[in-house]
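Hi,

Here is the structure I promised to pass on. Have a look at it first, and my notes follow underneath.

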Amino acid sequence: MPGQGTAPGAAPGGTAVGGGAGGGGMGGLLDASTPSTEVVAALSQDASRYRWVAAAVGSQNAAGLQLATELPVMAIGGFNGSDPSPTLEEMQQLVADGDIHYLLAGSGMGGSGSGSAAQILEWASSRYEQVSIDGTTFYDLTAPLATTQAAS
């Protein structure tokens with residue numbers, strides 16, 4: 001049900017995005033995790049300014065964020081993060097256009113995707129501030145690192 005904030009198989013109060021396996025599915029593989037209320041609040045703040053409040057590698061990571069916030073979240077790389085969409089260049093343009101606020105650092109499926117997804121995470125980690133919101137790590141795509149600003 002929208003607004004209740006707990007995905008099927010997740011414990012009331014939720015688990016961190018990319019956190020432990022919920023019940024059902026394939027040992028939790030098909031259950032989107034539920035972000036904390038602090039993560040939901042941070043992603044919801046100024047949401048109208050962005051096309052996507054966040055992006056995450058893989059649809060399960062994106063789904064947990066989207067279900068909890070009821071706001072658009074981009075799934076990078078399709079279901080498991082291995083599809084080449086968006087490309088690094090496409091992601092760079094979306095960020096330059098101010099379309100995405102946060103990028104979830106890593107994925108809950110044991111890696112960071114492959115190909116484009118890995119390139120995007122590497123690019124973001126070297127250019128944008130890493131923030132921890134209630135134990136969940138994101139890159140704030142609106143906050144370039146000081147060294148990046150000086151190099152521009």
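**The sheet and what packs around it**

Strand S1 (residues 52-57) and S2 run parallel and are joined by four bridges; strands here are DSSP E runs of at least two residues, helices are H or I runs of at least four, and both are numbered from the N terminus. Within that pair, Val 57 has Ile 76 of S2 as its bridge partner.

A quick word on the source: this is a predicted model, in which local features need pLDDT of at least 70 and side-chain atom pairs pLDDT 80 or more, while totals for chains, interfaces and linings use all residues. Numbering starts from 1 along each chain as its sequence is written, and side-chain values use heavy atoms, without hydrogens or water.

S1 and S2 belong to an open, mixed sheet of five strands, ordered S2-S1-S3-S5-S4 (two strands pair if DSSP finds at least two bridges between them). Its edges are S2 (73-76) and S4 (128-133), each pairing on one side only.

The largest nonpolar core (buried Ala, Val, Leu, Ile, Met, Phe, Trp, Tyr and Cys joined through side-chain atoms within 4.5 Å; buried means under 20% relative accessible area with a 1.4 Å probe, protein chains only) has 19 residues, and Ile 76 and Leu 141 are among those touching the most other members. H4 (116-127) is one of the contributing elements and gives the most, five residues. A second, separate core of 14 residues includes Ala 56 and Ile 133.

Finally, Ser 36 lies in the segment before helix H1 (37-44) and counts as buried because its relative accessibility is 14%.

Best wishes

Key: Buried < 20%, exposed > 50% of the residue type's maximum accessible area, 1.4 Å probe, protein only.
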